[in-house]
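Reader: Could you take me on a close look at the pocket in this model, please? I would also enjoy hearing about the cores and any ring pairing.

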Amino acid sequence: MSGEISDISVAAAKAKAGRLLLAFRHGNQQAFDEALPEEMSAEESRDLVSALAWVANEAVRKAYRSDVADRVLHHLARKTPGEPGWVETDEAAAPGVVTLLEGLRDGDVEAVRALVRTTPDTTFVLGRLLTAVAMLLPSVPAGDLRRVLDELRAQCPPEPYGPGPAHAGSAGHLP
């Protein structure tokens with residue numbers, strides 16, 4: 001019995017693998033690093049786990065449509081709160097946008113980092129953040145918005161053939 005792995009340990013290991021793959025798939029390096037076992041500190045071990053996650057991600061990507069691939073990974077990581085390996089992987093994680101906005105407002109860098117580390121699939125958090133920005137935009141003075149847009153455009157490489165149809169006439173919408 002001492003050499004056998006319990007069902008709980010196997011379930012936790014599967015959940016951890018699902019979490020690693022989700023974080024890897026969505027490019028969340030902090031969540032990926034957070035999901036690695038603490039005793040795995042050697043650079044070679046991290047490289048190996050990264051390579052295995054890459055291989056698994058490629059296999060999932062090639063085997064399933066994108067929406068199905070995410071469901072497969074979510075299924076691996078899904079647990080009931082309190083079970084070993086439980087992580088928020090869907091809309092349940094989205095209320096974190098409040099934590100994100102409050103952390104940004106308060107300059108609480110650690111709160112923002114903690115949110116990123118504990119959210120392997122940030123898709124829903126980013127979606128809610130975009131919704132919050134859209135809700136805030138009408139209250140931003142047009143001059144301030146114009147200044148921010150101009151600064152963002154200055155940081156982007158020039159478009160090879162000029163602005164596309166989405167940009168046509170956009171300058172006339174803001175004073």
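Author: Happy to! This is a predicted model, and we can start with the make-up of the pocket wall. By class, the lining of the largest pocket holds ten nonpolar residues, one charged residue and no polar ones. The lining residues are L130, V133, A134, L136, L137, V140, D144, L145, V148, L149 and L152. Two elements, α7 (123-136) and α8 (142-155), each give two or more residues to that lining. Of the elements, α8 gives the most, with five residues. The space in this pocket comes to about 270 Å³.

Now to the nonpolar cores. The largest one has 13 residues, and L20, F32, L36, V49 and L73 touch the most other members. Elements giving two or more residues to this core are α1 (7-25), α2 (29-35), α3 (43-63) and α4 (66-77). The largest share comes from α1, with four residues. There is also a second, separate core of five residues, with L100, V112, L115 and V125 among them.

F32 brings us to the rings. The model has one aromatic pair, formed by F24 and F32. Their ring centres lie 5.9 Å apart and their planes meet at 55°, a tilted arrangement. The two partners are set differently towards the surface: F32 has a relative accessible area of 3% and is therefore buried, whereas F24 counts as partly exposed because its relative accessibility is 26%. The cut-off that separates them is 20%, as buried means a value under it.

Note on methods: Residues are numbered from 1 along each chain as its sequence is written. This is a predicted model: local features need pLDDT of at least 70, side-chain atom pairs count only at pLDDT 80 or more; totals for chains, interfaces and linings use all residues. Side-chain values use heavy atoms; hydrogens and water are left out. On a 1 Å grid over the protein atoms alone, a cavity is a set of points where a 1.4 Å probe fits but cannot get out, and a pocket is an open set with protein on both sides within 12 Å along at least five of seven lines; lining residues have an atom within 4 Å of a point. Grid points are joined across faces, edges and corners, and a volume is the space filled by probe spheres set on the points. Ala, Val, Leu, Ile, Met, Phe, Trp, Tyr, Cys and Pro count as nonpolar, Asp, Glu, Lys and Arg as charged, and the others, Gly among them, as polar. Rings of Phe, Tyr and Trp (its six-membered ring) pair if their centres lie within 6.5 Å; planes under 30 degrees apart count as stacked, over 60 as edge-to-face and the rest as tilted. Buried means under 20% relative accessible area, exposed over 50%, partly exposed in between (1.4 Å probe, protein chains only). A nonpolar core is a set of buried Ala, Val, Leu, Ile, Met, Phe, Trp, Tyr and Cys residues joined through side-chain atoms within 4.5 Å.
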